[in-house]
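Work through the exercises below with the coordinates open. Try each task before reading its solution.

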Amino acid sequence: MSAGEVKKEEPRLIFHTYALCKTTDMPEEMKQEAMETCSTAAEKFADDYEQAARMIKESLDRRFGSPFQVVIGESYACAITHQENTLLYMFTGGNIAILVWRTVNQY
């Protein structure tokens, strides 16, 4: 380092090895079951997000009624309209984001 140079601090990336719930309005029991299902699917289908999303959707549809929607990926943004008490936005495996919500099936 020459005179006058300032050493830049590298930002430390945080890598979570556990499921991290960012936003939810689900009841506690529903939230816990949905998070367990999401974590299991993300671990089982680590290389295929489409299969993981399908597993989560089918499981939640059976358990809580349809129609649930699931988005899995890294570095995405979204805006949704959802049925009250059915939204879950979480991270698992570090940087894998999972968004789950139920839409209204009748108007």
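**Sheet exercises**

The model is predicted.

**Exercise 1.** Find the partner of Phe 91 in strand 4, then count the bridges between strand 3 and strand 4.

Solution. Start at Phe 91: the residue opposite is Ala 97 in strand 4. Next, count: 5 bridges join strand 3 (residues 88–92) to strand 4, and the two run antiparallel. Finally, check the turn. The hairpin has 3 residues between the strands, and Gly 93 takes a positive phi near 60°.

**Exercise 2.** Derive the strand order of the sheet.

Solution. Strand 3 also pairs with strand 1, through 4 antiparallel bridges. One of these pairs Thr 24 with Leu 88 in strand 3. On strand 4, 6 bridges lead to strand 2 (residues 68–73), again antiparallel. Phe 68 stands opposite Arg 102 there. The result is an open sheet of 4 strands in the order 1-3-4-2. Strand 1 (20–24) and strand 2 are the edges, each pairing on one side only. From one strand to the next, the twist averages 15°.

**Exercise 3.** Assign the side chains of strand 4 to its two sides, and decide: buried or exposed?

Solution. Recall that side chains in a regular strand alternate between the two faces of the sheet. Ile 96, Ile 98, Val 100 and Arg 102 point one way. Ala 97, Leu 99 and Trp 101 point the other way. Buried means under 20% relative accessible area. By that cut-off, 7 of the 7 residues in strand 4 (residues 96–102) are buried.

**Exercise 4.** Which strands does helix 2 lie across?

Solution. Helix 2 (residues 49–64) lies across strand 2 and strand 4. Its direction runs at about 155° to strand 2.

Conventions: Residues numbered from 1 in each chain as written. Predicted model: local features only at pLDDT ≥ 70, side-chain atom pairs only at ≥ 80, totals over all residues. Heavy atoms only, no water. Buried < 20%, exposed > 50% of the residue type's maximum accessible area, 1.4 Å probe, protein only. Pairing = 2+ DSSP bridges. Axes fitted to C-alpha atoms, helices over the stretch in contact; angles between N-to-C directions. Contact = heavy atoms within 4.5 Å.
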